[in-house]
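Let's walk through a binding site and a metal site, one question at a time. Have the structure open as you read.

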Amino acid sequence: MKKRPFIIDCDTGTDDAIALLAAYGCEEIELLGITSVNGNVREEYTSRNNLDLCEYVGFKCPVCRGADMPMASGYRNSSDMTHGHTGLGSIELPKATKTDFDSRKAAQFLYETAVEQKGELELLVIGPMTNIAIAIIQYPEFVSLVKHVWFMGGAVWGGNVTTNAEFNIWADPEAAHTVFMSGIPMTMVGLDVTLKAIMTKDDIKELRDNDTKSSVLAADLLDFMADRHERGGEDIIMHDALALAAALYPECMRYEDYWMDVELRGDYTRGHTFADFRNKMKKEPNVSAAMEVDVPAFRRWLVDKINSYKGE
Ligand code: BDR
Ligand code: CA
């Protein structure tokens, strides 16, 4: 079976880390690289987390540093209540000593890999879309070389930073707008479904009992999220791993196709993902949006994928 070539672009991030651990359990994909971006925490931390995590669990793929600022808005995170000061909650991974970052910045790596893959490359984008937008702007050919973007971000209904904006889109609306308008086929896994994708204490126990480096790290991350929830923070929500599931286990969700864009102006609506669900604009849909999820089926899939990766 030919594996599907993927790059994961992320702002790791507790739930990004879970998505990475699951991706390595997915035999259907070949992970060609991980690109890091400013988001949950600053890019120096998200990059460091990606490098340390890869070496710790024995992932073999290039890790690139990426954008440390959004395209226009000036937003730059320095610490985060949801993901802790360095992005991995209370988990301190050993510093990577045998590996270093790829010499290329994310946008160059994305483009060169897309060229090598001759139109087959798929992207899992689970942070702000800055790196992808830079690649689109710097390398116009990039758009025609990317087969699909699967992304966590936005919401047809609602928001989590403001009333109607989700974090990944809100953190760099200009980048998201660039990607939405690019013409690259896209599947959106937004808050409409991710807020329901909550793991349980039983899932954590199954991961811990599996007793691999990868599954125990996942259990530690989920335990941090459970504690965070008890302290009044976000629940054990698998925003980012659900976007991976859209790519690899699409049957666990139901989708609706819309023409969508990102609101760049507005006193109250900047970063909102507008879906023309009444088809007033008479434009071809550019996004397939996940609207419902079979949560037990997703949780089963996620635990199985993480548990199946045995490491080095
Ligand atoms: C998104 O923002 C981050 O907190 C998560 O990693 C996820 O990608 C959810 O809004
Ligand atoms: Ca993320």
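**Around the two ligands**

Q: Which helices each supply at least two residues of the shell around ligand 1?
A: This is a predicted model, so take the contacts as computed from it. At least two shell residues come from each of these helices: H1 (14-23), H6 (167-170) and H11 (239-248).

Q: How many nonpolar, polar and charged residues does the shell around ligand 1 have?
A: Ligand 1 is surrounded by residues including Asp15, Asn40, Met152 and Phe167. Sorted by class, the shell comes to 3 nonpolar, 5 polar and 4 charged residues.

Q: At what distance does a polar side-chain atom of Glu166 lie from an oxygen atom of ligand 1?
A: Start with two other side chains: an N or O atom of His83 is 2.9 Å from a ligand 1 oxygen, and a polar atom of Asn160 also lies 2.9 Å from an oxygen of ligand 1. For Glu166, the distance from a polar side-chain atom to a ligand 1 oxygen is 2.4 Å.

Q: What share of the accessible area of ligand 1 does the protein cover?
A: Ligand 1 takes up the space of the second largest pocket. On its own, ligand 1 has 280 Å² of accessible area, and the part covered by protein is 95%.

Q: How many residues apart are Asp11 and Asp240?
A: Both are donors of the calcium ion (ligand 2), alongside Asp16 and Ile126, with the donors 2.3 to 2.7 Å from the ion. Asp11 is in the loop between strand S1 (4-10) and H1, while Asp240 is in helix H11. The pair links distant parts of the chain, with a separation in residues of 229.

Key:
Residues numbered from 1 in each chain as written. Chains lettered and ligands numbered in written order. Predicted model: local features only at pLDDT ≥ 70, side-chain atom pairs only at ≥ 80, totals over all residues. Heavy atoms only, no water. Near = heavy atom within 4 Å. Polar contact = N/O pair within 3.5 Å; in protein donor to acceptor, adjacent residues only side chain to side chain. Areas by Shrake-Rupley, 256 points an atom, 1.4 Å probe, with all protein chains shown as cover. 1 Å grid on protein atoms, 1.4 Å probe; cavity = no way out; pocket = protein on both sides within 12 Å on 5 of 7 lines; lining within 4 Å. Sits in = over half its atoms within 2 Å of the grid points. Helix = DSSP H or I, 4+ residues; strand = E, 2+ residues; numbered from the N terminus. Nonpolar A, V, L, I, M, F, W, Y, C, P; charged D, E, K, R; others polar. Donors = N, O, S within 2.8 Å, 3.2 Å for Na, K, Ca; no water.
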